[in-house]
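Okay, thanks for coming, everyone. I'd like to walk you through a structure that's new to most of you, so let me put it up on the screen.

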Amino acid sequence: MKSVENLDRFDRTATVAKNKGDLGGTINGTQGTKRQNYIFDHIFVTSDRIDTEYFTTLNNESKLNGRYLSDHMPVVADIVIY
């Protein structure tokens, strides 16, 4: 079985973006207090029809009682479809 990342048709926005922000890990530890380096969340595009202008991972530093509000960091891409 192939993953989406290994298909020739798709590209990760984090890789093809013209401008890049935070490219760090997208999950935090089981206790929800420390960001991990592992990249779990992605946005995929077909680069022949979509340009990625900007990509970033949002390090949601707003913590409730010392914990992240989610176990995943949001990923954001500014894309242009043509």
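Let's start with Arg35 and Asp22, whose side chains are joined by a polar contact of 3.0 Å. That pair also counts as a salt bridge, with the closest N and O atoms 3.0 Å apart. The two residues are 13 apart along the chain, and each of them is in the loop between E2 and E3. Keep in mind, by the way, that what you're looking at is a predicted model.

Is Asp22 buried, exposed or something in between? Asp22 is partly exposed, because its relative accessible area is 26%.

Now stay with Arg35 for a moment. A polar atom of the Arg35 side chain also lies 2.8 Å from the backbone oxygen of Gly25. And what else does Arg35 touch, if we skip residues up to four places away in sequence? The list includes Gly24, Ile27, Asn28, Asn59, Tyr68 and Met73, and Thr57 is on it too.

Gly24 is worth a stop. Gly24 is in that loop between E2 and strand E3, which covers 44-45. With a relative accessible area of 24%, Gly24 is partly exposed. Beyond its neighbours within four places in sequence, Gly24 contacts Arg35, Ile39 and Thr57. There's also a distance to note here: the C-alpha atom of Gly24 is 6.1 Å from that of Asn37, and those two are 13 residues apart along the chain.

So Thr57 has come up twice, and that takes us over to the strands. Thr57 is in strand E4, residues 50-57. Buried or exposed? Thr57 has 3% relative accessibility, so it counts as buried. Among its contacts outside the four-place neighbourhood are Asp22, Gly25, Thr26, Met73 and Pro74. Val75 is another of those contacts, and Val75 in E7 is also the residue that stands opposite Thr57.

Let me zoom out to the sheet. We have an open sheet of three strands, in the order E2-E4-E7, with mixed pairing. Strands E2 (19-20) and E7 (75-81) each have a single partner strand, so one side of each is left without a neighbour in the sheet. Where does the mix come from? E2 and E4 pair in the parallel sense over two bridges, while E4 and E7 pair in the antiparallel sense over seven bridges. On the parallel side, Asn19 has Tyr54 in E4 as its bridge partner, and Lys20 has Phe55.

Back to charges for a second. How many salt bridges does the count give? Two. You've met one of them; in the other, Lys18 pairs with Glu53, with the closest N and O atoms 3.3 Å apart. This pair links distant parts of the chain, 35 residues apart: Lys18 is in the loop between helix H1 (13-16) and E2, and Glu53 is in strand E4. Lys18 counts as exposed because its relative accessibility is 54%, whereas Glu53, at 26% relative accessible area, is partly exposed.

Last item, the aromatics. The count comes to one aromatic pair. Tyr38 and Phe40 have ring centres 6.3 Å apart and planes at 40 degrees, so we call the pair tilted. Phe40 is partly exposed, at a relative accessible area of 46%.

Okay, that's my tour. Over to you.

Definitions and conventions: Residues are numbered from 1 along each chain as its sequence is written. This is a predicted model: local features need pLDDT of at least 70, side-chain atom pairs count only at pLDDT 80 or more; totals for chains, interfaces and linings use all residues. Side-chain values use heavy atoms; hydrogens and water are left out. Helices (H or I, at least four residues) and strands (E, at least two) are DSSP runs, numbered from the N terminus. Buried means under 20% relative accessible area, exposed over 50%, partly exposed in between (1.4 Å probe, protein chains only). Contact means heavy atoms within 4.5 Å. Two strands pair if DSSP finds at least two bridges between them. Rings of Phe, Tyr and Trp (its six-membered ring) pair if their centres lie within 6.5 Å; planes under 30 degrees apart count as stacked, over 60 as edge-to-face and the rest as tilted. A polar contact is a pair of N or O atoms within 3.5 Å; within protein, one must be able to donate a hydrogen and the other to accept it, and residues adjacent in sequence count only if both atoms are side-chain atoms. A salt bridge is a side-chain nitrogen of Lys or Arg within 4 Å of a carboxyl oxygen of Asp or Glu.
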